[in-house]
Each structure stands twice: as structure tokens, then as C-alpha cells.
Amino acid sequence: MELAGQVAIVTGSSSGIGRAIAETLASRKVSVIVNSSKSPDQGLVVADSLQGASYFQGSVTDDNFGPDIVQFALRRYGRLDILVNNAGTTRIISHADLEGATTEIWREIFEVNVFGAWSIIRAASAALEDNGGGQILNITSLAGIRQTGSSIPYATSKAALNHLTQLLAVALAPKIRVNAVAPGLVDTAWTKDWHDIRNNYSKTAPLQRSATTRDVADSALQIMENPYLTGTILCLDGGMSLKR
Ligand SMILES: NC(=O)c1ccc[n+]([C@@H]2O[C@H](COP(=O)([O-])OP(=O)(O)OC[C@H]3O[C@@H](n4cnc5c(N)ncnc54)[C@H](OP(=O)(O)O)[C@@H]3O)[C@@H](O)[C@H]2O)c1
């Protein structure tokens, strides 16, 4: 499926996985709206480096974020074809530490990872239906599939996003396709200090390494370019889930 000429919003794309997806889409001649909440300088650098891209600052947790970024896309480009829900947050809390995973932390994580994605999807769905139909790609996690991840609230939020992906794949068909990529450990700023986890990953995963952001962006593109895929949750983990 030809993506050239389409318009995409990629939340949380000033760094890491979101940035790699923005770069990959731009390389396919997609106009990308780069977003971040606290790193406008970095976001502008990314947008300036990509043909046809623009930058929109805002947190996915803000009530008006969804409507505002969709309006921005429609005013600037006149259409919206792709929504990538990539912005995410976590806390590192041992799964056995029930006291550590306070309700406040649950709320904080769900506000970004689940409610944030939901409110943009609601705001974007009408525009995504136009121009022959569009698509949503959610960046979830292996933690949303297997008993792993930086904390139980994080893993549960990603499980919710995986389930939301499949519920919406049915609810929004046939005009909007909805898929997810669920990576295992990826080398980004988020995980740069996770030395023990990375060593364990290299020792245990069949492919003996963590993922690069390029690995994730390549899979995201394969999904986005396939017009017959919906409801897919692609577990991109170098085989790690086979060993747990
Ligand atoms: N790295 C991994 O091992 C891994 C594995 C599985 C899944 N993931 C998922 O992949 C996604 C990206 O992670 P990453 O590793 O690439 O992290 P990263 O390099 O830290 O990038 C996170 C991006 O999200 C933005 N962001 C954070 N909170 C936001 C908010 N409320 N509104 C808008 N943007 C926000 C950040 O910019 P600002 O801080 O300026 O807002 C940044 O652009 C997350 O959903 C994460 O759960 C990561």
C-alpha cells in the first residue's frame, strides 16, 4: 500500500521509537506531525530534519490535546491518514512491591498510556475515515502480553492498549485499521541505564540482543503498508517470550 502523500501524527516523537517511526514515515514521503510534551527543542530538531514535517507541542494527558492536534493536522495539511500512539510513561517498581504501586502511580501511568491514546483516537476517528480510510498504530509492549515489564501498572496499561487495539479493529472496520507493535526491550533513552536487564536480554533472548529503534520502525512500516492487516499485535521481542 502506497503511503506517499499521506499525513501522520506520531505522539512522543522527539526521541526513541517515535522519532524512528517519524523518520521512516517521512522517508516514504508521509508528512509527519512530530509531538512531545517537555522537549520542544528536540521535537523541532526532528521536525526540521524531515521533509514536510511539522512540530506540535502538547501532552497527550491534556483534555484538549486530541482535538487540537487533529485540527492542527487538518489546517496545515487538509487531511489525516495515520495516527501512531507512541507516547508512554512508566515507573520502575518490583512486581512484588504492592505498596510501591500506589493508586496515584496507576493513575499517572494510565493517564498517558491508555486515556491519552483513547482521547486522541476519539478526536481523530472522523478525520481518519475520510480520504478512503486511515489507520491507527499503537506502540504497546511485551509487558502487555507476558508477565514482565517495569511495573505492574505499566504492564497492565499496555495490556489495556493491546485489548483496545483489537476492540477498535472490529469497531472501526472497515474504514480504519487498528494494529499494535509490542516490543520487548528497545535501546532508547528510556532504557539506557537498564544494564542488568539488557545483559539478561542478550543472554536469554534467542536473537541475543535487545531491539534497536530501527527494528521497531521497520515493523511499524510493514504493518502500516499492509492494507489487509487489522487487529494484529506484533510481538517484536527477538524471541524473548519463547523463553519465559
Ligand atoms: N524502550 C523500550 O524498551 C520500550 C519497550 C516496549 C515499549 N516501549 C514503548 O515505546 C514508547 C516510546 O518509548 P521510548 O523508549 O522510545 O521512550 P523515549 O525515548 O523516552 O521517548 C518517549 C517520547 O514520548 C514523549 N512523551 C512522554 N510523555 C508524553 C506525553 N504525556 N505527551 C506527549 N509526549 C510524551 C517524550 O517527549 P517529552 O518527554 O518531551 O514529552 C518522547 O518524545 C512508549 O510508549 C513505551 O512504553 C518502549
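Q: What makes the pair between serine 59 and a nitrogen atom of the ligand a polar contact?
A: A polar side-chain atom of serine 59 lies 3.1 Å from that nitrogen atom, and a polar contact is a pair of N or O atoms within 3.5 Å; the pair therefore qualifies. This is a predicted model, in which local features need pLDDT of at least 70 and side-chain atom pairs count only at pLDDT 80 or more, while totals for chains, interfaces and linings use all residues. Residues are numbered from 1 along each chain as its sequence is written, and side-chain values use heavy atoms, with hydrogens and water left out.

Q: How much of the ligand does the protein bury?
A: Taken alone, the ligand exposes 880 Å², and the protein buries 90% of that (accessible areas by the Shrake-Rupley method with a 1.4 Å probe).

Q: Which elements give two or more residues to the shell around the ligand?
A: They are α1 (16–27), β2 (31–36) and α5 (152–171); helices (H or I, at least four residues) and strands (E, at least two) are DSSP runs numbered from the N terminus.

Q: Why does the pair involving glycine 12 count as a polar contact?
A: A backbone N or O atom of glycine 12 lies 3.4 Å from an oxygen atom of the ligand, so the pair meets the same limit. For serine 14, an N or O atom of the side chain is 2.7 Å from a ligand oxygen atom, and the conclusion is therefore a polar contact again.

Q: What makes Phe56, Phe65 and Phe72 a cluster?
A: Ring pairs link these residues, and rings of Phe, Tyr and Trp (its six-membered ring) pair if their centres lie within 6.5 Å. The structure holds 5 aromatic pairs.

How values were computed: A polar contact is a pair of N or O atoms within 3.5 Å; within protein, one must be able to donate a hydrogen and the other to accept it, and residues adjacent in sequence count only if both atoms are side-chain atoms. Rings of Phe, Tyr and Trp (its six-membered ring) pair if their centres lie within 6.5 Å; planes under 30 degrees apart count as stacked, over 60 as edge-to-face and the rest as tilted.
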